[in-house]
Amino acid sequence: MRSSLGAVCALAALATVLSTGCQSALGGGGEDGRPGERRTATESPTPTRTSGYGAVFLDVDECSSFGRTSFTEVPCDGERAAARVVARHDGTVRDGPRCPATTDFVLHISEQHPSFDEDGDGVVPRGYACMRNLQPPHPGDPGGGGGPRTIVGDCVYGLPDGKVHETACDGEGKHKPEYKVTEAVDAKSRCPASTVLFVRLGGAAPVGCARPV
């Protein structure tokens with residue numbers, strides 16, 4: 001579990017920043033475990049782009065600025081550049097490919113019909129951009145305490161409802177780490193004997209084997 005884009009031109013598309021959120025802890029008994037909980041989403045103001053920085057709004061390897069009220073697509077070598085697009089997909093996060101493991105945050109771009117757009121068809125298609133900060137901190141790194149995905153090396157703490165939430169492994173976050181994901185496997189039976197918690201990760205190896213910190 002990764003925020004806004006500034007206004008320079010009129011190419012607009014509403015964005016949602018998907019931040020870190022709850023993951024379900026897979027119960028030790030039933031194979032299905034407890035139901036998962038989707039990561040929380042926060043509404044972000046309207047993103048825009050400055051004409052000439054790319055044929056597609058926030059395409060791969062393009063950069064965005066951070067602002068108090070919005071994001072703007074900017075040159076990556078400029079002083080305002082703050083995050084780079086590491087992957088860009090059409091459609092929705094729910095139905096599309098997963099972002100790279102060390103993505104810091106995700107921008108969800110809603111379909112819009114602005115006065116002009118990248119290919120002249122009058123549409124900025126719905127999609128999402130997987131973003132990586134140009135400078136630390138990187139919450140998407142293993143143990144970083146954030147990002148849109150929980151991966152090997154991340155730490156979590158338990159919630160009263162049986163779910164777990166990611167937190168920084170160095171203990172500098174608001175919540176102290178209780179468990180660390182040490183392996184990702186395709187079935188709980190493949191976790192090592194030291195495993196005390198199973199964390200739902202998704203993907204080809206959907207089970208995270210976690211031990212006490």
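Which residue takes a positive phi in the hairpin of β13 and β14? Keep that question in mind while the tour crosses the rest of the model, which is a predicted one, and the answer will come when the hairpin itself is selected.

**The whole chain**

Begin with everything shown as a cartoon, where the protein has zero helices and 14 strands, so that, read from the N terminus, each element in turn is a β strand. If you then colour by accessibility, buried residues make up 46% of the 213 residues. A surface drawn over the protein would expose about 10300 Å², and carbon and sulfur atoms supply 50% of that area.

**The largest nonpolar core**

Next, select F57, L58, F71, A83, V85, F105, L107, I109, A129 and M131, the 10 residues that form the largest nonpolar core. The elements that contribute two or more residues to this core are β7, β8 and β9, and β8 gives the most, with three residues. A second, separate core has seven residues, among them V164, V199, L201 and A210. In soluble globular proteins, nonpolar side chains tend to be buried together.

**R132, D104 and D141**

Now move to R132 and display its side chain together with that of D104, since the two meet in a salt bridge, with N to O at 3.8 Å. R132 lies in strand β9 (residues 127-133) while D104 lies in the loop between β7 (81-90) and β8 (105-109), so the salt bridge ties together parts that are 28 residues apart in sequence. The two partners can be told apart by their accessibility: R132 is partly exposed, with a relative accessible area of 22%, whereas D104 is buried, with a relative accessible area of 2%. Add D141 to the selection, and you have a network of salt bridges that links D104, R132 and D141.

**N133 and H138**

From R132, step along to N133, which is also found in strand β9 and which is buried, with a relative accessible area of 13%. What does the side chain of N133 reach at 3.1 Å? Zoom in and you will find that the atom in question is the backbone oxygen of P137. Leaving aside neighbours within four places in sequence, N133 is in contact with F66, A82, A83, D104, F105, H138 and P139.

H138, one of those contacts, is worth selecting in its own right. H138 sits in the loop between β9 and β10 and is buried, with a relative accessible area of 18%. With its neighbours within four places in sequence again left aside, H138 is in contact with D104, R132, N133 and G144, which brings the view back to the two residues of the salt bridge between R132 and D104.

**Other salt bridges**

How many salt bridges does a search of the whole structure find? The search finds four, and two of them can be visited further along the chain. Select D161 and K163, whose side chains meet in a salt bridge at 3.9 Å, N to O; here D161 counts as partly exposed, at 42% relative accessibility, while K163 counts as buried, at 12%. Then select R190 and D186, which form a salt bridge whose closest N and O atoms are 2.8 Å apart. In this pair R190 counts as exposed, at 59% relative accessibility, and D186 counts as partly exposed, at 48%.

**Strands β10, β12, β14 and β13**

For the last part of the tour, return to the cartoon and select strand β10 (residues 155-158) with strand β12 (residues 179-185), which pair in the antiparallel sense over two bridges. V156 has Y179 in β12 as its bridge partner, and Y179 also stands opposite P212 in β14, so that this residue can be followed from one pairing to the next. Strand β12 and strand β14 (residues 207-212) pair in the antiparallel sense over six bridges.

Finally, add strand β13 (residues 197-200), which pairs with β14 in the antiparallel sense over four bridges, and where L197 stands opposite A210 in β14. A210 was met earlier as a member of the second core. The hairpin of β13 and β14 has six residues between the strands, and the residue that takes a positive phi there, near 80°, is G202, which answers the question that opened the tour.

How values were computed: Residues are numbered from 1 along each chain as its sequence is written. This is a predicted model: local features need pLDDT of at least 70, side-chain atom pairs count only at pLDDT 80 or more; totals for chains, interfaces and linings use all residues. Side-chain values use heavy atoms; hydrogens and water are left out. Buried means under 20% relative accessible area, exposed over 50%, partly exposed in between (1.4 Å probe, protein chains only). Accessible areas come from the Shrake-Rupley method with a 1.4 Å probe; for residues, only the protein chains shown count as cover. A polar contact is a pair of N or O atoms within 3.5 Å; within protein, one must be able to donate a hydrogen and the other to accept it, and residues adjacent in sequence count only if both atoms are side-chain atoms. Contact means heavy atoms within 4.5 Å. A nonpolar core is a set of buried Ala, Val, Leu, Ile, Met, Phe, Trp, Tyr and Cys residues joined through side-chain atoms within 4.5 Å.
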